[in-house]
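Work through these exercises with the model open. Try each task before you read its solution.

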Amino acid sequence: MTVTAEKKKFRLKYYGNYLLLAAVLLLLIVLDVSGVLKRSSALTFTRIGYSIILAVSLNLVVGFLGELSLGHAGFMCVGAYVGCLTSNYLYTVIDSPVIVVLLALAVGGVAAALFGLLIGLPTLRLKGDYLAIVTLAFGEIIRTVCRNQEFLGGAMGLDNPNKYGKELYIIAFLAALVTVAVIQNLMRSKHGRAIQAIRDNEIAARAMGVNVTYYKLVGFVIAAFFAGIAGVIYGQQVSPISSNAFDYNYSIDILVMVVLGGMGNITGSIIAASLLTYIDVTLVSQLSGNAVMYKSLIYALILIFMILWNNAPFMLPARDWVRGKFTDLRRALFRRRAAESEGEPPATAAWDKIPTKIPMDALLSTDIVPERSHGGERKEDENESMGS
Amino acid sequence: MDTLILGLCYGGIYALIALGYTMVYGIAKMLNFAHGDIIMAGAYAIFVVLSAQGHVILALLAAIVVCTALGLLSERLAYRPLRSASPLAVLITAIGVSYLLQSLAQIFFDSQKRPVTVLPPESVPMFGTTVSVASLWTLALCTVIMVVLTLFIKKTRVGCAMLAVSEDRGAAQLMGINVNFIIALTFAIGSALAAFASLFYLMQTSVVEPTLGAMPGIKAFTAAVIGGIGSIPGAMVGGILLGVIETFSSSSPALSPYTTAIEFGLLIVILLVRPVGLFGKKRREKV
Amino acid sequence: MSQWVLETQSLGISFGGLKAVQDVNLQVAPQALYGLIGPNGAGKTTVFNLLTGVYRPTAGRFFLEGEDLTGRSTVEISHRGIARTFQNIRLFSNLSVIDNVLVGMGNSSPCTLAESILRLPRFYTSEKKLRAAARELLDVFGLDEERRTVASNLPYGKQRKLEIARALATGPKLLLLDEPAAGMNPQETAELTETIRFVRDHFHMTILLIEHDMSLVSGLCDELTVLNFGTTLMQGKTAEVLHSPEVIKAYLGD
């Protein structure tokens, strides 16, 4: 009974993100087919789609790996340019736009991943602030170089004569689904645990045999790949593609999405990316001119507030209060689950309150030592041999 | 020769900004991403005073007050509550503060570029060429400031306390040093230096805009890294080196579009070859 | 194969001319409980850092079951079979209790990156195996009930236990415990003594431990090495060493 309930909860958490994205996509298709979906809304949802990809992939680096990358827009830039070059060429060979775009996605993603590898290989041994500034520097270098290449259109930007139709949102959301699936699956495996272990304590991770450099590189390259994918999608609806769009402010916009959604929280990234992109679009279209600058004010306040909220000691009472309310609400909503976990939360909460030095649960250790050393010995032998 | 003097001027400016970075990094162990935007705020303060026909000295004082106040305020409100949080959290907050200052400048002054004339464009003949008065002031004042700062840190009790906090915050606290005060003081000094930097920067560029601080900020950070972050002479040398490289690169037609790329490339190479910079000390995390 | 699980030959390291540790010769027999003691700053943790590749020795060599591991990286050494705990607890604080142990076990799983992302059959089988093994291990330490608790929410004593469990999860031949009783009261220390002895007996583990708490050392260790100012002051059976006037002098001063 308990076990099945546990499994159900696990699954909802696991598949919730797919359901969310698929539901939105389905709704959009239905609206589109019935002719309600406006072109501008389709474009907005395309933007939301690739923003989700950007936020979720950056979350892999910032939230799960615990390193700050400020060059995410740079990888997006690579994806946009390479994707556009690819599709411009492919349209001369292949008729079907769907196939062209899919191939462009693959090529653009791989190109961005290669850049990620190229950049990550030497730099990932740097830590924290240094890595952040180096990724920023690389992002800017990529941009500067793109701007000064004739075959990339120079300062005017790269022309993209074959913009994809408004159905691009379908590709954007499907790509977002794939992104979420890959990163979720990765995180719920031994590789993902290793990545999170590095975030929590690099020295201990090493001592446990986790190959830190390898896993940092894995996280970085996968994130770059998906940033490239997002760039390709962006590049299919914009012409000309200008390198100015990918300055480091854009990287910070993506960071705001990750921070608002919660570091290491994929659902949070999806929601925050959708919300902020939507606000962004409406701010630009409805409040004209100077109102746009309130966007950066809002973003700045989000960044500062969210970090203080999660880290500052003086926020602790408020945080506990909100979390308490939230648990109450959840319990009221899912009574069955509440009954199951009733015993647990108060116990941890009580432990939480006492700072250090809790007497080691006397029962447990004395209990184990005599009993298990007789009864459990054989079983553990197997365990040990498996481990070594 | 022209290029070299211009390079030294920019170098002096970058060195002043880099000092702010390096002192804060050395003592508070954080990368103050908003430092560049403090310069922008100082530039606007100068702009306002000069537009009201104020004297340059008055403008400089206004910039110092504004910069120091902003530096202290951001430290108190945003960074101090995060003293025990992860470096990642602090860095993101600093990015937030940077964004906040930029957007506030946009809201108060809109995002237009505005011309400012700090000093009339006069030049004096020297070394077989002409050198602008502004450049001479910049070079002279930068030198004086750096000497004074070095003496302050080496010779005064407070300077000693700053060094102690940068070595070992916990031990310094045990020795009766008020760590919060020292960190706040560091922010104040760094920001005051930024005010000078904003004046000199305006002398060279003569334009203010809300994003004015971003590029010199990042470049000065590069300079601080080149010199070895946490090292005061390192910041000076790194700043001057970067300034000279920048002006030489942008005065060459072939390289000029890639100037930024070259500077950042230099940053990356330094970090990879010698992560502690030219003058930095190696630190090891204790196990 | 050597008769010793761990053998060091004049192991030493100097930092820029300063000899932090020199001439350490340890010989740890299979399933021994070997103590490394000494006053503060004697270089005990430095020895652990040498043995786990955090520092590279500048002098001497060390062998695990006869295999020379001198100069290997931390990760390699971990794979060869030396696991450790830390003086100041270093758990993966945002991961659950079971995930902490699973990180240690990860090396034994053959599941590749692609298999994990694509959720191929081998992912499920290897994950299932790992989880079962992890729960068994946690059960031994009485932590199975709390396997889904976030590690940083565990009480102090259980965090120490979890660190030991996590180290064992890597399937080591030698377990290094760095001041396991730090910050514990006498009762907790007594329980910890039991736990350590239990680990030795139950897992047939060879244990090298650093400790300040003499009651724990005298109750637990068969043999001791005393370090003072980075050099070996004395080596031998526990009772002899602890009664030696030299050792008493090193601890209490003149």
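In this predicted model, residues 24 or more positions apart make up 80% of the contacts in chain A with a separation of 6 or more.

**Exercise 1. Describe chain A as a whole.** How many helices and strands does chain A have? What percentage of its residues count as buried?

Solution. Start with the elements: chain A has 17 helices and zero strands. Next take burial: 46% of the 388 residues of chain A count as buried.

**Exercise 2. Check the span of helix H10 of chain A, then its burial.** What should the helix span at 1.5 Å a residue, and how far apart are its end C-alpha atoms?

Solution. Step one: H10(A) covers residues 248-261, which is 14 residues. Step two: the expected span is 1.5 Å times one less than the number of residues. That gives 20 Å for H10(A). Step three: the end C-alpha atoms are 20 Å apart, which agrees.

Now turn to burial. Twelve of the 14 residues of H10(A) are buried, so the helix is largely enclosed by the rest of the structure. Among them are Tyr248(A), Asp253(A), Met257(A) and Gly261(A). Just after H10(A), Gly262(A) takes a positive phi of about 105°.

**Exercise 3. Classify Phe152(B).** Is Phe152(B) buried, exposed or partly exposed?

Solution. First locate Phe152(B): it is in helix H5 of chain B, residues 133-155. Then apply the cut-offs: a residue is buried with 20 or more other C-beta atoms within 10 Å, and exposed with 12 or fewer. Phe152(B) has 13 C-beta neighbours inside 10 Å, so it counts as partly exposed. Last, take a distance: Lys219(B) is 67 residues from Phe152(B) along the chain, and their C-alpha atoms are separated by 26 Å.

**Exercise 4. Analyse the contact between chains A and B.** How many residues does each chain give?

Solution. Chain B gives 36 residues and chain A gives 35. On the side of chain B, helix H4 (87-109) and helix H11 (259-273) are the elements that give two or more residues. H4(B) supplies the largest share, 15 residues. Sorted by class, this side of chain B has 26 nonpolar, eight polar and two charged residues.

**Exercise 5. Compare the domains of chain C.** Which residues form each domain?

Solution. The domain assignment gives domain 1 as 1-81 + 172-254, and domain 2 as 94-166. Their C-alpha centres lie 28 Å apart. The contact takes eight residues from domain 1 of chain C and seven from domain 2. On the side of domain 1, helix H7 of chain C (residues 186-203) gives the largest share, four residues. By class, that side has three nonpolar, four polar and one charged residues.

Methods: Residues are numbered from 1 along each chain as its sequence is written. Chains are lettered from A and ligands numbered from 1 in the order in which they are written. This is a predicted model: local features need pLDDT of at least 70, side-chain atom pairs count only at pLDDT 80 or more; totals for chains, interfaces and linings use all residues. Two residues are in contact if their C-beta atoms, placed from the backbone, lie within 7 Å. Ala, Val, Leu, Ile, Met, Phe, Trp, Tyr, Cys and Pro count as nonpolar, Asp, Glu, Lys and Arg as charged, and the others, Gly among them, as polar. Domain bounds come from an automatic or database domain assignment.
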